[in-house]
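The following exercises are to be worked with the sequence and the three-dimensional structure at hand. Each task is followed by a solution that proceeds step by step.

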Amino acid sequence: MKLHQQYLLLHSQLGETSEHTITLADLAVILDCTHRNTLTIVKKMASLGWIHWHARRGRGRRSTLSLLAPADQIAAEYMMQAMNRLELQEAADQVRDFSSSISMQHVLNQWLLGYSGHHTEAGTNNEPIDTFRLPIRQQLHALDPLYINLLAESFVTSHVYDGLVQRDERGKILPCLAHTWDVSDDRRTWIFHLRKGVYFHNGSPFTAPDVVYSFERLLSTERRTLYREIMNQIHSVEALNPLTVRFCLKQPQELFLSFLTTSRAVIVTRNPDTDQINMPTEKIQSMLKPVGTGPFKVTAWDNHLCRLEAYTTYFQGRSLIDRVDILQIPWGTPLEGLDPNQVPGPTEHVESPFFHLVHNPAKNAGTSWTQTSSGVTVTKLLTCNTQKTGPLNDPAIRAYLQQSIDLAQQKGTQNRPQHHEYKYENSPTSQESPPYAEPIALHLATISQYRPDAERLALVLEKSGFHCTIHTGNMEQFKGDWRLESDLILFSLIQDRDVELRRYDLFSTLSEHLESPSQEWVQHRLQSVATSPHTSEREQALFDIEEILIREHLMFILSQKPVETAYLPSVRGMSFNSQGWVNLRHIWFPSDKL
């Protein structure tokens with residue numbers, strides 16, 4: 001591999017010129033090695049056909065060096081060798097200058113197809129291990145449900161942990177760690193009856209005190225988590241006996257049971273592995289080997305690989321696959337067809353890992369892929385912060401902002417797939433020159449991953465007389481009050497089968513951006529959602545909120561995109577959970593001999 005690095009170093013130092021006059025001493029300086037080693041390297045490169053070296057004897061005489069091999073070809077070969085050794089970050093850093101090369105992308109895609117999917121590996125006793133390899137384009141920063149922020153993190157934790165209840169593919173709430181539950185007439189007291197014989201991955205038994213610990217941990221955190229408004233309605237959690245838990249709510253909350261199906265409400269153990277007890281706080285928070293009751297346990301996790309192995313005594317039945325290796329790819333796929341005049345569409349490698357399920361790449365030639373939607377969409381939203389005094393307190397400027405976005409979306413449909421677009425009614429067909437004499441200065445806040453989207457949006461709005469200054473922060477800053485210092489806030493919403501819950505949490509968050517009386521009206525309608533036992537009434541209240549936010553130009557839906565999964569017919573047992581994740585427990589692969 002070092003020879004590849006040395007060639008790339010020569011290429012970067014000498015440039016694209018095909019022929020160079022240079023001494024062996026000059027090459028030794030570039031390669032940082034001795035005269036003798038330099039001569040060995042030159043001979044090796046020449047024998048491989050990478051270079052042509054015409055030596056001129058005599059001290060100080062300049063020889064002729066021709067670089068014959070394209071740099072991106074050598075970089076691709078280097079990347080391939082590094083990836084096979086799972087030295088991914090090193091490889092990505094070395095070839096970053098060539099990441100946009102078509103040949104490099106071809107190599108990467110071919111390697112991913114060869115690496116991913118089903119493979120049979122040998123265990124310690126030569127037993128066959130059915131392994132499913134899954135590449136994702138998001139870094140796993142945390143697998144503790146209290147600290148997760150990304151789709152990929154939620155995907156992994158959905159297979160490691162369980163909640164008291166769960167949703168099926170049709171959205172129906174079913175028992176999970178609790179086999180049944182009761183609720184009082186006033187809808188404020190919920191009693192859950194827990195299953196017997198359930199164990200965490202570390203062997204400790206699952207009991208009511210684990211439930212109490214999990215929710216007290218949620219309630220005591222200062223972190224701004226999803227569904228915080230619903231969680232704050234919990235007054236107390238009490239273990240009545242080892243298999244019975246009682247929740248008392250401050251007031252009725254009809255979305256409480258839905259909340260318990262989410263990744264934020266899963267149960268963690270009170271008894272972490274002994275090797276984690278004495279870890280520093282930040283290590284315990286990151287939970288390098290998280291312990292749950294789910295169908296898979298984490299046996300390895302670093303910056304490149306997260307290994308899930310089947311939990312053989314899982315109470316709902318052992319997974320059909322033995323092992324899942326989740327490979328964290330440190331590079332992104334270039335987005336094709338981007339037009340700076342378009343409003344941003346979803347940034348795929350940030351928001352949607354886009355899982356490709358492969359059986360056996362060597363035997364799939366000519367086999368067509370099946371692409372299916374999981375029923376989940378990623379919606380990119382822009383909201384006006386009218387809590388802040390500024391131009392957007394003026395309804396006319398907000399309406400003009402809407403008009404500018406609509407016009408850009410209309411132009412963008414010529415160059416982007418239809419599913420990227422959200423169609424507004426009564427969109428303008430043309431726009432005259434900006435009606436305001438001076439540029440309208442706005443501050444736009446987003447997370448760092450969405451900065452390219454924000455920059456494209458700023459270019460669009462600049463043509464309409466808006467001058468946007470972009471501020472980016474990390475996820476924790478964004479979830480706090482930091483975003484409220486800006487006029488515009490750009491973020492995304494994952495809409496899964498928990499539609500009511502997602503929209504309730506969205507509008508609860510957006511209400512913080514509104515000045516009175518809009519804020520009071522939204523909060524009043526959210527209260528009716530929380531207390532109404534009738535689904536139709538809750539749906540109508542949520543629809544009313546969305547309608548008023550769009551009509552008053554307080555919220556703009558920039559794009560919507562389904563989260564899709566591509567797989568081959570040889571993949572059996574394809575199903576999705578309520579959050580749109582592929583259910584790895586049900587996937588299996590027929591024998592190659594069939």
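## Exercise 1. A stacked aromatic pair

Tyr 400 has a relative accessibility of 6% and therefore counts as buried. The model is a predicted one.

**Task.** Determine how the rings of Tyr 400 and Phe 466 are arranged, and which elements the pair ties together.

**Solution.**

1. A pair of aromatic rings is described by the distance of the centres and the angle of the planes.
2. The structure holds 13 aromatic pairs. For Tyr 400 and Phe 466, the centres are 5.4 Å apart and the planes stand at 25°.
3. Planes under 30 degrees apart count as stacked; the pair of Tyr 400 and Phe 466 is therefore stacked.
4. Tyr 400 belongs to helix H14 (residues 395-412), whereas Phe 466 belongs to strand E18 (residues 466-473). The pair thus ties together parts that are 66 residues apart in sequence.
5. Phe 466 has a relative accessibility of 2%, so this residue counts as buried.

## Exercise 2. A second pair, a cluster and a charge over a ring

**Task.** Classify the pair formed by Phe 478 and Phe 491, and state where Lys 380 lies relative to Tyr 450.

**Solution.**

1. Phe 478 and Phe 491 are 6.4 Å apart from centre to centre, with 50° between the planes; this aromatic pair is tilted.
2. Phe 478 is located in helix H16 (residues 475-479) and Phe 491 in strand E19 (residues 488-495), so the pair ties together parts that are 13 residues apart in sequence.
3. Both Phe 478 and Phe 491 are buried.
4. One aromatic cluster is formed by Trp 181, Trp 190, Phe 192, Phe 215, Phe 247 and Phe 256.
5. Lys 380 is placed over the face of Tyr 450, at 4.7 Å from the ring centre.

## Exercise 3. The three-stranded sheet

**Task.** For the open sheet of 3 strands, derive the strand order and identify the edge strands. Then establish whether the residues of E3 are buried or exposed.

**Solution.**

1. The order of the open sheet is E1-E3-E2, and the pairing is antiparallel.
2. Strand E1 (19-22) and strand E2 (51-54) are the edge strands, each pairing on one side only.
3. Direction ignored, neighbouring strands of this sheet are turned by 20° against each other on average.
4. E1 and strand E3 (residues 63-67) run antiparallel and are joined by 4 bridges. His 20 stands opposite Leu 65 in E3, and Glu 19 stands opposite Ser 66 in E3.
5. E2 and E3 also pair in the antiparallel sense, over 4 bridges. Here Ile 51 stands opposite Leu 67 in E3.
6. In a regular strand the side chains alternate between the two faces of the sheet. On one side of E3 are Ser 63, Leu 65 and Leu 67, and on the other are Thr 64 and Ser 66; all are buried, and both faces are covered.
7. Since 5 of the 5 residues of E3 are buried, E3 is largely enclosed by the rest of the structure.
8. Helix H1 (residues 2-14) lies across E1, E2 and E3 and runs at about 105° to E3.

## Exercise 4. Packing of two helices

**Task.** Describe how H1 and H2 are oriented, and name the residues that make the contact.

**Solution.**

1. Two packed helices are described by the angle between their axes and the distance between the axes.
2. The axes of H1 and helix H2 (residues 24-31) come within 10 Å and cross at roughly 110°.
3. Angles of 65 to 115 degrees count as roughly perpendicular; H1 and H2 are therefore roughly perpendicular to each other.
4. H1 contributes Gln 6, Leu 9, Leu 10, Gln 13 and Leu 14 to the contact, and H2 contributes Leu 27, Ile 30 and Leu 31.

## Exercise 5. A loop residue and a parallel strand pair

**Task.** Locate Asp 498 and state which residues Asp 498 touches. Then describe the pairing of E17 and E18.

**Solution.**

1. Asp 498 lies in the loop between E19 and helix H17 (499-510).
2. The relative accessible area of Asp 498 is 2%, and the residue is buried.
3. Not counting residues up to four places away in sequence, Asp 498 touches Arg 167, Thr 261, Thr 262 and Ser 578.
4. Strand E17 (residues 440-447) has 6 of its 8 residues buried, so E17 is largely enclosed by the rest of the structure.
5. The pairing of E17 and E18 is in the parallel sense, over 8 bridges. Gly 473 in E18 is the bridge partner of Ile 447.

Notes
Residues are numbered from 1 along each chain as its sequence is written. This is a predicted model: local features need pLDDT of at least 70, side-chain atom pairs count only at pLDDT 80 or more; totals for chains, interfaces and linings use all residues. Side-chain values use heavy atoms; hydrogens and water are left out. Rings of Phe, Tyr and Trp (its six-membered ring) pair if their centres lie within 6.5 Å; planes under 30 degrees apart count as stacked, over 60 as edge-to-face and the rest as tilted. Buried means under 20% relative accessible area, exposed over 50%, partly exposed in between (1.4 Å probe, protein chains only). A charge sits over a ring if NZ of Lys or CZ of Arg is within 6 Å of the ring centre and within 35 degrees of the ring normal. Two strands pair if DSSP finds at least two bridges between them. Axes are lines fitted to C-alpha atoms, for helices over the stretch in contact, and angles run from 0 to 180 degrees between N-to-C directions. Contact means heavy atoms within 4.5 Å. Angles under 35 degrees count as roughly parallel, over 145 as roughly antiparallel, 65 to 115 as roughly perpendicular and the rest as oblique.
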